[in-house]
Amino acid sequence: MNSTANGAGVVPVDAPARPYNAADDLTGRNLRAGRAEQLAYIDDHGSYTYRELDEAVRRAAAMLRGLGIQPEQRILLCMLDSFALPVMFLGAIRAGIVPVLANTLLTADDYAWMLSDSRARLAVVSAPLAAQFEHTATGTARVVVSAGRAGELETLLEAADGDDGVAATSSDEPCFWLYSSGSTGRPKGTVHVHGSLIGTAELYASPILGLNADDVVFSAAKLFFAYGLGNALSFPLSVGATTVLMAERATPEAVFQRLEQHRVTIFYGVPTLYASLLASPARPAALPLRRCTSAGEALPADIGRRWRDHFGLDILDGIGSTEMLHIFLSNRPDDVRYGTTGRPVPGYAVRIVDDEGRPVAPGELGELQVAGPTAAAMYWNNRAKSRITFDGVWTRTGDKYRQDADGYYVYCGRSDDMLKVGGIYVSPAEVESALIGHDAVLEAAVVGHADAEGLVKPRAFVVLKPDWAPSDELAEDLRTHVKRQLAPFKYPRWVEFRDELPKTATGKIQRFKLREY
């Protein structure tokens, strides 16, 4: 068998495809293990056993087939975290239909583009998001609204009758998509295969977290993220754990309420949230947790140490990606080195290479690349970008890293100009375009800037048109303007006015100089 090896062990790259349906495995394994009456999910509306999950998934598969959706066709799921989301996701997979998970924080234009790009036959949308889809349906896409217990989706599920069984899929065929942001602003449809969901659970959830059937898990990262999808779906279902879902935004008050009320044992967060939790007046003296993880952006060492000092528990910082589906480089419960991303997760190989693709020496800066069995198959409808990102067995992360003298991996920024804000990629070009759409703006450049907690946020440098003058009021108006044009998390936290922007001889903005200010 061909393989790639390093300190993480051997990674097979040519394992043969086998008959396998991810939904049938993740629901059926718990019934076979005698966990039918154990709680699978707790959401804002109630609690649901593994038996109820299996029955609901079967109804969802029957409903989709009844609507005439065929195997390999796509459906778009733009849903807040509730029991209905894993039901629809797994129901589609059971029927051989490909669910496409959409970020719930985007704009109507983003969703219209995704529907067109994916050619989805159906969009299932949570009621609070329905307005974003009022004008996005095409001649081939139907929009169905989920409203807790009384929406159109719930009516269709209740009326669904019969179960035609499990689609005859294989471990290597497309199972679901996640949209990954790109430097052009338009997301890329990242196609994952059936074998990858259980693959991340077997490589990370069990050996690194020690997840088991007695655990109660809660992920602040939502299910539409690759990180959240593992945290709150494939990981707990792989072992029969109980998952707490929350539809609302992850404020400190809402998070602490769930952690304490449901006696959560494993919490998945992001650095920005950990900083907010530590600063919150609602912060309790203790929590019932036994594991905490962080991903999405680099965890500042000070946040990790302060969390440990207060709660007596380390945060396991790691890095994953939409392309690799979950964490492949991580700290361990018995091996935490704050300021680093730890070591490779066994089953994955990593390397750091220079601009020519040659491995660099320890301590030298380069691009992090990863090889492992959960890599995406491709970007949909984007062959050029697929060939660049998926280079044989290696996947290019776009992250700059170095390896310290003890073998730990240290994050050093992005290879491109992309920013990670609260764990979500933000394209500077997209924010710049929105700013330039304001009547006052002649030119704009956006870079990342660390706030007081060491977390990166967008910082805008703006050149005004001749008839406009800088002011605090105008800066606030520009921030509001961006919030109206884009998803709100993308707005620049700082707006600074300049007479001109640094440029190359050919007129290209030199963002690296702006980062030095």
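## Helix H6 and threonine 397

Helix H6 is kinked by about 30°, with the kink centred on glutamate 202. This description rests on a predicted model, in which H6 runs over residues 194–209 and thus holds 16 residues. From its first C-alpha to its last the helix reaches 23 Å, which is close to the 22 Å expected at 1.5 Å a residue. After the helix comes glycine 210, a residue whose phi is positive, near 65°.

How many of the 16 residues of H6 are buried? Twelve are, so the helix is largely enclosed by the rest of the structure. The buried positions include His194 and Ser196, the run from Leu197 through Ile198, Gly199 and Thr200 to Ala201, and also Leu203, Tyr204 and Ala205, with Ile208 and Leu209 buried as well.

A second site of interest is threonine 397, which is placed in strand S22, spanning residues 394–403. Threonine 397 has a relative accessible area of 13%, and because the cut-off for burial is under 20%, this residue counts as buried. Its side chain takes part in the two polar contacts tabulated here, each with a backbone atom.

| Side chain | Backbone partner | Distance |
|---|---|---|
| threonine 397 | oxygen of leucine 368 | 2.6 Å |
| threonine 397 | nitrogen of aspartate 399 | 3.0 Å |

Leaving aside residues up to four places away in sequence, threonine 397 touches Phe328, Glu367, Leu368, Gln369, Val370 and Arg414. Leucine 368 therefore appears twice in the surroundings of this buried threonine, as a residue that threonine 397 touches and as the owner of the backbone oxygen that its side chain reaches at 2.6 Å.

How values were computed: Residues numbered from 1 in each chain as written. Predicted model: local features only at pLDDT ≥ 70, side-chain atom pairs only at ≥ 80, totals over all residues. Heavy atoms only, no water. Helix = DSSP H or I, 4+ residues; strand = E, 2+ residues; numbered from the N terminus. Expected span 1.5 Å × (residues − 1). Bend = angle between axes of the 7 residues up to and from the residue. Buried < 20%, exposed > 50% of the residue type's maximum accessible area, 1.4 Å probe, protein only. Polar contact = N/O pair within 3.5 Å; in protein donor to acceptor, adjacent residues only side chain to side chain. Contact = heavy atoms within 4.5 Å.
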